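The report below takes up one protein chain and moves from a local detail to the sheet, the helices and the chain as a whole. Please read it with the structure at hand.

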Amino acid sequence: MYVSITRLKLKSIWQLPKFASLSNKVARQAKASPGNLKVRLSNQWFRYFYTITHWNTKEAMQQFMFHGEHKVAMQRWGDFASEVKAYGFETNDPPKWKEARLLIKKQGRITS
């Protein structure tokens with residue numbers, strides 16, 4: 001299974017409504033995407049927002065990532081996020097939230 005972890009840092013709490021609307025659309029897209037096994041969302045202090053998604057394959061995740069609402073979200077990140085990090089890997093044992101937050105902090109790459 002391929003696991004993708006993301007972390008988005010909002011520029012400001014005032015960006016939350018715009019971000020939440022787009023985030024909900026992206027989560028629905030992920031859940032309906034071929035190859036998706038699970039979608040989990042979390043936040044810390046209304047400033048950092050995390051996702052963990054489980055996929056059959058990396059290719060299934062990439063098909064999701066470059067299409068639909070997620071593609072739109074990637075094009076608009078600069079409107080509401082000061083930083084976006086991503087980290088993906090193959091595993092048979094998906095991480096819990098505590099481990100996922102450490103992984104994205106230490107091994108995540110800043111996306112553009």
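By about how much of the helix are Arg 76 and Asp 79 separated in helix 3? The model is a predicted one, and in it Arg 76 and Asp 79 are 3 residues apart in helix 3, so that about one helical turn separates them. These two residues form a salt bridge, with the closest N and O atoms 3.6 Å apart. Both partners are partly exposed, Arg 76 having a relative accessible area of 31% and Asp 79 one of 40%.

**Salt bridges**

A search of the whole structure finds 2 salt bridges. Besides the pair in helix 3, Arg 7 forms a salt bridge with Glu 83, where the closest N and O atoms lie 2.7 Å apart. This pair links distant parts of the chain, since Arg 7 belongs to strand 1 and Glu 83 to strand 4, with their positions 76 residues apart in sequence. Arg 7 is buried, with a relative accessible area of 11%, whereas Glu 83 is partly exposed at 21%; the cut-off that divides the two classes is 20% relative accessible area.

| Salt bridge | Closest N and O atoms | Relative accessible area |
|---|---|---|
| Arg 7 and Glu 83 | 2.7 Å | Arg 7: 11%; Glu 83: 21% |
| Arg 76 and Asp 79 | 3.6 Å | Arg 76: 31%; Asp 79: 40% |

**The sheet**

The protein chain holds 4 helices and 5 strands, and from the N terminus on its elements follow the order β-α-β-β-α-α-β-α-β. The strands make up an open sheet of 5 strands in the order 2-3-1-4-5, with antiparallel pairing. Strand 2 (36–44) and strand 5 (109–110) stand at the edges, and because each has a single partner strand, one side of each is left without a neighbour in the sheet.

In general, the strands of a sheet pair through backbone hydrogen bonds, in either a parallel or an antiparallel arrangement. Here strand 2 is joined to strand 3 (residues 48–55) by 8 bridges, the two running antiparallel, and within this pairing Arg 40 stands opposite Ile 52 in strand 3. Strand 3 also pairs with strand 1 in the antiparallel sense over 8 bridges, with Arg 7 standing opposite Tyr 50 in strand 3. Strand 1 in turn pairs with strand 4 in the antiparallel sense over 9 bridges, and Val 3 stands opposite Phe 89 in strand 4.

How many of the 9 residues of strand 1 are buried? The count is 7 of the 9, so strand 1 is largely enclosed by the rest of the structure. Arg 7, the buried residue of the salt bridge with Glu 83, is placed in this strand.

**Helices and loops around the sheet**

Helix 3 (residues 68–80) lies across strand 1 (2–10) and strand 4 (81–90), and it runs at about 140 degrees to strand 4. Helix 4 (residues 97–107) packs on the sheet, where it touches strand 1, strand 2, strand 3, strand 4 and strand 5, and its direction makes about 110 degrees with that of strand 4.

Helix 1 (residues 16–32) includes Ala 27, a residue that is buried, with a relative accessible area of 9%. Ala 27 and Arg 7 are 20 residues apart in sequence, and their C-alpha atoms are 14 Å apart in space.

Gly 35 lies in the loop between helix 1 and strand 2. When residues up to four places away in sequence are not counted, Gly 35 touches His 54, Trp 55, Asn 56 and Ala 60. The last of these contacts joins positions 25 residues apart along the chain, the C-alpha atoms of Gly 35 and Ala 60 being separated by 5.4 Å.

**The chain as a whole**

For 112 residues, a compact globule would have a radius of gyration near 13 Å, and the value of 13 Å computed for the protein chain agrees with this. Along its principal axes, the C-alpha trace spans about 40 × 30 × 20 Å. Of the 112 residues, 43% count as buried. Among contacts between residues at least 6 apart in sequence, 72% join residues at least 24 apart. The protein chain exposes about 6,800 Å², of which carbon and sulfur atoms supply 53%.

Conventions. Residues are numbered from 1 along each chain as its sequence is written. This is a predicted model: local features need pLDDT of at least 70, side-chain atom pairs count only at pLDDT 80 or more; totals for chains, interfaces and linings use all residues. Side-chain values use heavy atoms; hydrogens and water are left out. Two strands pair if DSSP finds at least two bridges between them. Contact means heavy atoms within 4.5 Å. Axes are lines fitted to C-alpha atoms, for helices over the stretch in contact, and angles run from 0 to 180 degrees between N-to-C directions. Buried means under 20% relative accessible area, exposed over 50%, partly exposed in between (1.4 Å probe, protein chains only). A salt bridge is a side-chain nitrogen of Lys or Arg within 4 Å of a carboxyl oxygen of Asp or Glu. The radius of gyration is taken over C-alpha atoms; the globule rule is 2.2 Å times the number of residues to the power 0.38. Accessible areas come from the Shrake-Rupley method with a 1.4 Å probe; for residues, only the protein chains shown count as cover.
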